[in-house]
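Colleague: I am new to this structure and would like to learn how to read it feature by feature. Could you show me the general idea each time, and then the case at hand?

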Amino acid sequence: MTRPNERTIIATKAASSRMADRDTPFIFNAWYIAAFDHEISRELLQRTILGKRLVLFRTQAGKAVALDDRCPHRSFPLSSSTLDGDTIICGYHGFRYDTEGNCINVPSAKVCPKGIGNRSYKLIEQGKAIWIWMGNPDEADESQLPDIAWTCDSHWKSSAGYLHLPGSYVRLHENLMDLTHLSFLHGNSFGTPDYATSPFETELNDDRFALIRSVKPTTLPKIWAESTGMKGELQAARIARSEFLAPGLHQVSVTFYDVHLAAENRPEFHIRTAHLPTPETATSTHYFVIHGRDFVTQDQAMTDFMHQQLMAVFEEDVWGLGLQEEVIRQTSSDEFYEFSVPADGPAIAARRYLKQRADDEQEAKNNRQQND
Ligand code: FES
Ligand SMILES: [Fe+2]
């Protein structure tokens, strides 16, 4: 096979143009994880989210605050300044800002000039997660908060981790909607050869996309064999539901059971992972993870073992997606084309949805600007 003919390439480019990618504008009107609860403290934390520099801290009463990380006087970073009580004193000329981002003192002026300030961002704390709304403040809709209430439920034993991904969040969503990569990218960790070829179903709705894959009977990889006790050859069923739920949340739920036991009295083991991608820049992502299980919930050593094993797997995704981003970066647009196969269907649906949302948001913004 040589380079495909021009007609084929044009067709693949047309298909790709309907999908989000690194060049697609960010979706601002959505909730993303800004940080885990323990990361925000009385120390000023700098973090870039959706291409914007932010500074995050807690008030003396413990409330989390997020402001633009730029002094509107001469653009000194507030994150390199001083937290004094519940205010930040800019490290350059000492302008003081409150938790709303209002300038409340200018040392060189007897009276603080009115109207100087920075944007503050709405945050919602939910267990380990601190959500942020980067979009239009008037549209910050708490009913749209992605549902990860289970992470606060004692029925589930959970652990949290963070990875910095040198790639677009779009490609992370794609990766998560595509379970065929488990047998290969994770071939040495938790992918088994039967995973890529096992039957799957899809549920493609307007804004939720799911892939359900049943692998049975199968031999469980070490992480699940150790934790469920199902260590035998072809002993287990492994049924995974992988679901795009929001730009900031993809959830994977897996059920395991022993295929040799009757359905009425066999125990089921459930694990769940909230993958929480927050775009940092067009080509980098804060990859937050909360993983939980509903069995052997009291066993801390098992929690540590599973956490370490899982994060090693997600490191493989970070490695692979980083390489992919690098290759895309080095490929000219003339030369760039990607083919899809039927198993890519759910990932394509999610990427089209992200593109449509980004386009709609841009259009609404343009209309607002024209009307102003
Ligand atoms: S740059 Fe912040 S006070 Fe001047
Ligand atoms: Fe993966």
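Modeller: Let us begin with accessibility, where buried means under 20% relative accessible area, exposed over 50%, and partly exposed in between, computed with a 1.4 Å probe on protein chains only. With a relative accessible area of 48%, Gln308 therefore counts as partly exposed, and this residue is found in helix H4. Please keep in mind that this is a predicted model, in which local features need pLDDT of at least 70 and side-chain atom pairs count only at pLDDT 80 or more, while totals for chains, interfaces and linings use all residues. Residues are numbered from 1 along each chain as its sequence is written, chains are lettered from A and ligands numbered from 1 in the order in which they are written, and side-chain values use heavy atoms, with hydrogens and water left out.

Colleague: Is Ser143 buried or exposed, and where does it lie?

Modeller: Ser143 counts as exposed, at 61% relative accessibility, and lies in the loop between strand S10 (129-133) and S11. Its C-alpha atom is separated by 22 Å from that of Asp359, which is 216 residues apart from Ser143 along the chain.

Colleague: How should I read the labels of helices and strands, and what does the order of the 7 strands in the open sheet look like?

Modeller: Helices (H or I, at least four residues) and strands (E, at least two) are DSSP runs numbered from the N terminus, and two strands pair if DSSP finds at least two bridges between them. Here the open sheet of 7 strands follows the order S11-S17-S16-S15-S14-S13-S12, with antiparallel pairing. Strand S11 (157-165) and strand S12 (200-204) stand at the edges with a single partner strand each, so one side of each has no neighbour in the sheet. Within this sheet, strand S15 (residues 249-258) and strand S16 (residues 268-281) pair in the antiparallel sense over 8 bridges, and the bridge partner of Thr255 in S16 is His270.

Colleague: Which helix packs on the sheet and touches S11, S16 and strand S17 (284-293)?

Modeller: Contact means heavy atoms within 4.5 Å, while axes are lines fitted to C-alpha atoms, for helices over the stretch in contact, and angles run from 0 to 180 degrees between N-to-C directions. It is helix H4 (residues 300-329) that touches these strands, and its direction makes about 25° with that of S11. Helix H5 (residues 345-371) also packs on the sheet, touching S12, strand S13 (209-218) and strand S14 (236-246), with a direction at about 160° to that of S13.

Colleague: How is the packing of two helices described?

Modeller: Two packed helices are described by the angle between their axes and the distance between the axes. Helix H2 (residues 169-176) and H4 pack at about 130°, with their axes 11 Å apart. Angles under 35 degrees count as roughly parallel, over 145 as roughly antiparallel, 65 to 115 as roughly perpendicular and the rest as oblique, and H2 and H4 are therefore oblique to each other. In this contact, Arg171, Leu172, Glu174 and Asn175 in H2 meet Asp317, Leu321, Gln324 and Ile328 in H4.

Colleague: Why is strand S4 (residues 64-68) described as largely enclosed?

Modeller: Strand S4 is largely enclosed by the rest of the structure because 5 of its 5 residues are buried. Strand S3 (residues 52-58) runs antiparallel to S4 and is joined to it by 5 bridges, with Phe57 standing opposite Val65 in S4. The hairpin of S3 and S4 has 5 residues between the strands, and Gly62 there takes a positive phi near 100°.
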